Amino acid sequence: MTTRILHRACRGAAAAALLLSAGCASAGTTTTSPAPVPAEGATSTQGGTTPLVQATWPVRTREHVDLWLHAYALITSDSTLVPYFRRGYRDQMLALRRQRGATSLLDANRARLLERLAVQPSLATGPQFMPFYFASWDQLRQVVDLFIRAGGNPRATSDPALQEYFAVLGSAFQSAADREWLRLFVQSVDDESRKFYHAYWLAETSARAGMVDRVDSVWQRSWRPALQRFLNNTQQQNGELYLSFPLDGEGRTVHFNKVRNAVAVGFPDNAQSVESVLYTFAHEIAGSVASSAIEDNTTPADRRAGTTARYEQSAAVRAGALLLEKVLPSAVPGYMRYYLQTTGRSAPTDPRAAFNSTFAVPEAINTAIARQLEVILGGI
């Protein structure tokens, strides 16, 4: 195996500063310095064959992203206000696997994987962003193997691109015990792909092929034009919008630079739920505004006490609603109902009171979010 498996789309040493955590802008966002990303014209493998053509925020699917998140959904619990994964996803997948007689190393190794998560809880959230840095499952798996054999040391290779990938991995898997967890997890996920998920993903993607086109049409005709000014003024001018089977209202976002971003949202079940994935997109891109508002309106003592952490999800959801009120007000009631439903609550016809109560934040934070949005949208 050679380092030519890597796509050399980025140069420089800034990758060492990558923040692979789930709380940089919201619970589903990480903001990064320039990092390795797929090269122009690259294609994903194992069923994800959509070329990366020149387009503004095209809608895509990526098998290796879904595979990684699927594995996390199967091994971890999910008790957040807005779930990290589609409500009931784990039970649904376990039932389907039993029906097909499918078991994998993910089942056999789950207890060992959870043991390490209990000691190092950051492994349960931060590495969920890892697949966005790679073009395919094969590439991710091979780089992880090299990383582990090198003991996580970027200086073990002279290849600049490989050094950057090692820096990405090393920021999340810093100790020998963490790297052993990564080795076991990747081995288990690879077996899960071969025994169940690859065939499942291909079948589901084929069955819903028309849904991708439908989302892209609604997105490009109405939603993206309405949001583009905000995107331009927040260094999110372009990127890719991924539809992901395991996700729901808490998406996953990685910022590489203003024209290289990745936002993963849930995959709609039917034509009537197309806009639900665009609600999640609004929530994701506004997450950094919510984080700034929390930072500016809390104290170091609040942060040490964990007070600010309790605001993160609610503030991000509120930020998405406030953004839509300014650029696409007709979507706000649907957005509010959708996020109420993600929490398992009922969604009344007029959802505003229930929404504000469920996603309560101090008025100072809410006001700061609205003020920042006005400044952003008022920019050139």
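These legends accompany several close-up views of one predicted model.

**Figure 1. The whole chain, before we zoom in.** The predicted model holds 15 helices and five strands. Of its 380 residues, 56% count as buried. Contacts that reach a long way along the sequence are well represented here: among those between residues at least 6 apart in sequence, 73% join residues at least 24 apart.

**Figure 2. Helix H2 meets helix H7.** Start with H2 (residues 89-99) and H7 (residues 176-207), which pack at an angle of about 105°. Their axes are 12 Å apart. That angle makes H2 roughly perpendicular to H7. On the H2 side, look for Tyr89, Met93, Leu96 and Arg97; on the H7 side, their partners are Glu192, Phe196, Tyr197 and Tyr200. Sorted by character, the residues of this contact comprise six nonpolar and two charged, with no polar ones.

**Figure 3. Leu94 of helix H2 and its distant partner in sequence, Leu74.** Stay with H2 for a moment and find Leu94, which is part of this helix. Is Leu94 buried or exposed? Its relative accessibility is 17%, and because buried means under 20%, Leu94 counts as buried. Now locate Leu74: 20 residues separate it from Leu94 in sequence, while their C-alpha atoms are 8.0 Å apart in space.

**Figure 4. Helix H6 and the helices it packs against.** H6 covers residues 160-172. With 13 residues at 1.5 Å a residue, H6 should span 18 Å, and its end C-alpha atoms are 19 Å apart, so the two values agree. Which residues of H6 are buried? They are Ala161, Leu162, Glu164, Tyr165, Phe166, Ala167, Val168, Leu169 and Ala172. These buried residues pack against helix H5 (137-149) and H7, the helix that also meets H2.

**Figure 5. Helix H12, with its bend at Gln313.** H12 runs over residues 307-327. Its 21 residues should span 30 Å at 1.5 Å a residue, which agrees with the 31 Å between its end C-alpha atoms. Where does H12 bend? Look at Gln313, where the bend is about 35°. Of the 21 residues in H12, 16 are buried, so this helix is largely enclosed by the rest of the structure.

**Figure 6. Trp57, a loop residue with a positive phi.** Most residues other than glycine have a negative phi. Trp57 is not a glycine, yet its phi is positive, at about 45°. You will find Trp57 in the loop between strand E1 (29-31) and strand E2 (59-60). With a relative accessible area of 0%, Trp57 is buried.

**Figure 7. Gln235, another residue with a positive phi.** Here is a second place to check the backbone: Gln235 has a phi near 60°, a positive value in a residue other than glycine. Gln235 sits in the loop between helix H8 (209-233) and strand E3 (240-244). Gln235 is partly exposed, with a relative accessible area of 49%, whereas Trp57 is buried.

**Figure 8. Ser217 of helix H8 beside Val59.** To finish, step back into H8, where Ser217 lies. Ser217 has a relative accessibility of 28% and therefore counts as partly exposed. How many residues lie between Ser217 and Val59 in sequence terms? The two are 158 residues apart in sequence, but 9.3 Å apart in space when taken from C-alpha to C-alpha.

How values were computed
Residues are numbered from 1 along each chain as its sequence is written. This is a predicted model: local features need pLDDT of at least 70, side-chain atom pairs count only at pLDDT 80 or more; totals for chains, interfaces and linings use all residues. Side-chain values use heavy atoms; hydrogens and water are left out. Axes are lines fitted to C-alpha atoms, for helices over the stretch in contact, and angles run from 0 to 180 degrees between N-to-C directions. Helices (H or I, at least four residues) and strands (E, at least two) are DSSP runs, numbered from the N terminus. Angles under 35 degrees count as roughly parallel, over 145 as roughly antiparallel, 65 to 115 as roughly perpendicular and the rest as oblique. Contact means heavy atoms within 4.5 Å. Ala, Val, Leu, Ile, Met, Phe, Trp, Tyr, Cys and Pro count as nonpolar, Asp, Glu, Lys and Arg as charged, and the others, Gly among them, as polar. Buried means under 20% relative accessible area, exposed over 50%, partly exposed in between (1.4 Å probe, protein chains only). The expected span of a helix is 1.5 Å times one less than its number of residues. The bend at a residue is the angle between axes fitted to the seven residues ending there and the seven starting there.
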